[in-house]
Amino acid sequence: MSSITLTNITKNYGSVQVIRDFSEKFNDHEFITLLGPSGCGKTTILRMIAGFERPTAGEIMIDDVVVSSAGNFVPPNLRNIGMVFQSYAVWPHMNVFDNVAYPLKMKHVPRPEITERVMNILEAVHLSPYVQRMPAELSGGQQQRVALGRALVSNPKVLLLDEPLSNLDAKLRESMRFEIKEVQGRFGITVVYVTHDQTEAMAMSDRVIVLDRGEVQQSDTPMNIYRRPENQFVADFVGKINFIGGVSSGGQVEFPGGQKMTYTGGKTGAVVVGVRPENITMRQDGGVLRGKILQQYYLGDVNDCRVDIGGEILRVIAPGNTYGKFSIGGEVWLDFDEYLVFDENH
Ligand SMILES: Nc1ncnc2c1ncn2[C@@H]1O[C@H](COP(=O)(O)OP(=O)(O)OP(=O)(O)O)[C@@H](O)[C@H]1O
Ligand SMILES: [Mg+2]
């Protein structure tokens, strides 16, 4: 068992409130990602869970133990949490084995047990061939795995990962995603993962919590975050989206250029229609909106277009094989296969 419950957590630095009334329960074995722009408070939340920072108000529990509240504070070394920090730190003067063994030595674990546990962890993070190497002789991804191994070696109940892949190139990031997921499954731990990379969040998480300026915008499955964003911030932060202002009445929305679209929903007044570029189909005729193609870029798998619908320019990402079927400046019809209608100021 290893759940984390945060209740009404607030954090102020001086007069600045960086976390506002954060209440979430992270379940046993859950992979949670905190996602949001730089400065929104992701690291601050991790540091409070780990015990490096005290909340200004609110309570944190790990399982049924209060680790942080007005009258209670359990220090980091007694929380049984593994953490990999934003800028990964492996000790440059220690080889791989000693880096990973360090937390066990601090706890005076007997030598034979240290060897066994370190070798098991090194196998899990695919570093067995590098036991004697110094960090300077390792690639960035291998160093990252040393940090991960060191965080795991004490059998933590909870693993906190703060942008652990940010220093790696795109290919390595992708393969490390799978390795982290594999390690999580193997050790059955609860993971709180921080990133500002939305693809990473989508690929790894059971649940994504989108934050903006210290406040939760949505806490949901990756699919719901993408397909059913609760507001424009979430829709915009996760994936690409076109926003088109319009006026709604009687199940119909009228766009600035005068074109109209019927939809199911009875909003009245100013609205914003959100449509992802890949959810727009281009047709020769017979679609809902008429437009003119301004640009198209052949990117191999997709045809990335800009279409003017009269007063608004939409990005359309069509399959690659549509390239050349529509000519620049020519007429095109658009269908919105999936879209969202937001109240204007939401
Ligand atoms: N020790 C501190 N004193 C004062 N302000 C701080 C302190 N630590 C963080 N902050 C502020 O709190 C806010 C949240 O910081 P935090 O490090 O949690 O952001 P983050 O979401 O992790 O951002 P990034 O993606 O850039 O790492 C920021 O505005 C930051 O400037
Ligand atoms: Mg951070």
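The shell around ligand 1 in this predicted model is made up of 3 nonpolar residues, 8 polar residues and 1 charged residue. Its members are Y13, V18, G36, S38, G39, C40, G41, K42, T43, T44, Q86 and H196, and the element that gives the most to this shell is helix α1, which covers residues 42-50 and supplies 3 residues.

Away from the ligand, the strands deserve attention. Strands of a sheet pair through backbone hydrogen bonds, and they may do so in a parallel or an antiparallel way. One open sheet is formed by 5 strands with antiparallel pairing, and their order is β16-β20-β17-β18-β19. Because β16 (280-283) and β19 (313-319) stand at the edges and each has a single partner strand, one side of each is left without a neighbour in the sheet. From one strand to the next, the twist averages 45°.

The table lists three strand pairs, together with one pair of facing residues for each.

| Strand pair | Sense | Bridges | Facing residues |
|---|---|---|---|
| β18 and β19 | antiparallel | 7 bridges | C305 and V316 |
| β12 and β15 | antiparallel | 7 bridges | F243 and G274 |
| β15 and β21 | antiparallel | 4 bridges | V271 and D343 |

Strand β18, which spans residues 302-308, is thus the antiparallel partner of β19, and V316 in β19 is the bridge partner of C305. Strand β15 (residues 269-275) is joined to strand β12 (residues 242-249) by 7 bridges, while β15 also pairs over 4 bridges with strand β21, made of residues 340-343. Within β15, G274 stands opposite F243, whereas V271 stands opposite D343 in β21.

Conventions: Residues are numbered from 1 along each chain as its sequence is written. Chains are lettered from A and ligands numbered from 1 in the order in which they are written. This is a predicted model: local features need pLDDT of at least 70, side-chain atom pairs count only at pLDDT 80 or more; totals for chains, interfaces and linings use all residues. A residue is near a molecule or strand if its C-beta atom, placed from the backbone, lies within 6 Å of it. Helices (H or I, at least four residues) and strands (E, at least two) are DSSP runs, numbered from the N terminus. Ala, Val, Leu, Ile, Met, Phe, Trp, Tyr, Cys and Pro count as nonpolar, Asp, Glu, Lys and Arg as charged, and the others, Gly among them, as polar. Two strands pair if DSSP finds at least two bridges between them. Axes are lines fitted to C-alpha atoms, for helices over the stretch in contact, and angles run from 0 to 180 degrees between N-to-C directions.
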